[in-house]
Amino acid sequence: GIRGRGNSTWSFPKKPWKVKLDSKASIFGMGADKEWCLLANYADRTLMRNILAMKLSEICGFAWTPHMYSVHVYLNNEYQGVYTFCEHKKVSADRVDIDLDAGDVYLEIEQQQDETTCWWTGMNVPMMFSDPEVPTAAQYDYIVGYFYEAEGALMGSNFTDPASGWQKYIDIESFAKAYIVNELTKNIDGNMRKSSFITKERGKKLEMYHLWDFDITLGNCGYFWGQTGNGPEDFWIKYHKWYQYLFKDPAFVKKVQDRWNQLLPEFRQIPDFIDELVLSLDKAQKRNFQKWS
């Protein structure tokens with residue numbers, strides 16, 4: 001079965017789809033599952049940005065990197081264009097590997113607030129429960145309270161103290177990696193606004209678990225507030241309140257610098273990876289744009 005998916009992307013002529021199989025299957029060697037996605041990439045004329053972002057995620061070593069492949073799609077024998085076929089973001093052993101039975105939660109930053117259980121933090125971060133969609137009252141109170149304490153520590157007088165400051169609540173490694181990829185690609189959605197995913201596992205801190213939704217990054221956004229475009233100039237993610245406070249702590253600055261210097265040699269290979277994608281998509285891309293303007 002298939003159904004439509006996406007928020008703004010569903011409004012475009014070329015529709016994104018969620019696919020659900022009758023039984024679990026491994027496709028292209030990915031972990032067996034029933035649920036998969038077909039991303040239309042209608043707004044991305046290169047058809048490559050999401051795949052490129054997942055390459056950056058792989059280099060950074062996030063807890064999970066969704067596998068993505070370019071495919072031709074036919075619906076009822078009618079050609080629909082080039083799509084990105086990928087793993088659906090969900091809690092499972094091969095994807096977001098957390099233990100819901102133990103009380104772990106999978107959260108999404110999303111200003112659309114379109115899940116069943118949503119709230120805004122004190123520092124104006126729009127949060128939603130992705131799994132469980134309907135937490136217990138105790139779970140809800142704990143998570144909302146945890147964010148309240150985390151933000152209090154972030155803004156507190158002892159915020160640089162590793163034991164009692166923000167590092168007591170927030171995983172420095174994952175937030176540094178998320179910062180690097182979102183800032184490098186100038187991801188307009190990546191500034192604690194939407195399409196970001198956080199886990200809170202029992203006994204662990206808030207972790208930026210994986211990346212998602214990069215079709216309007218890398219100079220491809222026409223509504224970049226107050227600026228001419230989301231190109232390489234200046235910063236964007238750094239201006240959000242959370243990151244403003246994080247960058248006041250020399251420990252976070254050092255973590256970002258150290259991780260950047262470690263990753264830079266592999267980042268320098270990205271132009272070669274882009275060239276490979278260009279070659280593989282050449283004829284397919286032309287055919288796609290014969291179907292879609």
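**Close-up views of a predicted model**

**View 1. Phe197 and its partner across the strands.** Phe197 sits opposite His210 of strand 10. This is a predicted model, and the views below go through its sheets, helices, pockets and cavities. The strands around this pair are strand 9 and strand 10, which run antiparallel and are joined by four bridges. Helix 3 packs on the sheet here, touching strand 9 and strand 10, and its direction makes about 45° with that of strand 10.

**View 2. The sheet that holds strand 9 and strand 10.** Zoom out a little and you get an open sheet of five strands, ordered 7-8-6-9-10, with antiparallel pairing. Strand 7 (118–120) and strand 10 are the edge strands, each pairing on one side only. From one strand to the next, the twist averages 35°. Helix 2, residues 137–155, lies across strand 6, strand 7, strand 8, strand 9 and strand 10. Against strand 7, helix 2 runs at about 20°.

**View 3. The largest cavity.** How many cavities of 30 Å³ or more does a search of the whole structure find? There are two. The largest cavity has a volume of about 60 Å³. Its lining is made up of Ala178, Asn182, Asn187, Ser195, Ser196, Met208, His210, Leu211, Trp212 and Phe214. Helix 3 (172–184), strand 9 and strand 10 (206–210) are the elements giving two or more residues to that lining. By class, the lining splits into five nonpolar and five polar residues, with no charged ones. His210 turns up here again as a lining residue, having already appeared opposite Phe197.

**View 4. The second largest cavity.** This one holds about 30 Å³ of space. Around it are Lys14, Ala40, Asn41, Tyr42, Asp44, Leu47, Asn288, Phe289 and Trp292. The class count for this lining is five nonpolar, two polar and two charged.

**View 5. The largest pocket.** Now for open space: the largest pocket contains about 1000 Å³. It is lined by 42 residues, and the closest to its centre are Arg5, Gly6, Asn7, Lys89 and Trp212. Trp212 also lines the largest cavity. Which strands each supply at least two residues of the pocket lining? They are strand 3 (33–39), strand 6 (105–110), strand 8 (126–131) and strand 9 (194–200). If you care about the chemistry of the wall, the lining has 18 charged, 13 nonpolar and eleven polar residues.

**View 6. The sheet of strands 1 to 5.** Another open sheet has five strands in the order 1-2-3-5-4, again with antiparallel pairing. At its edges are strand 1 (2–4) and strand 4, each of which pairs on one side only. Direction ignored, neighbouring strands of this sheet are turned by 35° against each other on average. Strand 2 (residues 17–25) and strand 3 run antiparallel, with five bridges joining them. Look for Lys20, which stands opposite Glu35 in strand 3.

**View 7. The hairpin of strand 4 and strand 5.** Strand 4 and strand 5 pair in the antiparallel sense over eight bridges. Leu75 faces Glu78 of strand 5, standing opposite this residue. Two residues lie between the strands of the hairpin, and Asn76 takes a positive phi near 55°.

**View 8. Helix 1 against helix 6.** What is the angle at which helix 1 and helix 6 pack? It is about 145°, with the axes 11 Å apart. The crossing of helix 1 and helix 6 is right-handed. On the helix 1 side, Ile51, Leu52, Lys55, Leu56 and Ile59 make the contact, and on the helix 6 side Ile270, Phe273, Ile274 and Leu277 do. Sorted by class, the contact has eight nonpolar residues, one charged and no polar. Helix 1 also lies across strand 3, strand 4 and strand 5 (78–87), at about 155° to strand 4. Helix 6 packs on the sheet as well, touching strand 4 and strand 5, and its direction makes about 125° with that of strand 5.

**View 9. The second largest pocket.** About 230 Å³ of space lies in this pocket. Its lining consists of Ile51, Met54, Lys55, Glu58, Thr65, Pro66, His67, Met68, Tyr69, Ser70, Phe273 and Leu277. Helix 1 (49–60), strand 4 (68–75) and helix 6 (270–291) are the elements that give two or more residues to it. Which element gives the most? Helix 1 does, with four residues. The classes come to seven nonpolar, three polar and two charged. Ile51, Lys55, Phe273 and Leu277 belong to this lining and also to the contact of helix 1 with helix 6.

Technical notes:
Residues numbered from 1 in each chain as written. Predicted model: local features only at pLDDT ≥ 70, side-chain atom pairs only at ≥ 80, totals over all residues. Heavy atoms only, no water. 1 Å grid on protein atoms, 1.4 Å probe; cavity = no way out; pocket = protein on both sides within 12 Å on 5 of 7 lines; lining within 4 Å. Points joined across faces, edges and corners; volume = space filled by probe spheres on them. Nonpolar A, V, L, I, M, F, W, Y, C, P; charged D, E, K, R; others polar. Axes fitted to C-alpha atoms, helices over the stretch in contact; angles between N-to-C directions. Left-handed = near helix turned anticlockwise from the far one by under 90°. Contact = heavy atoms within 4.5 Å. Pairing = 2+ DSSP bridges.
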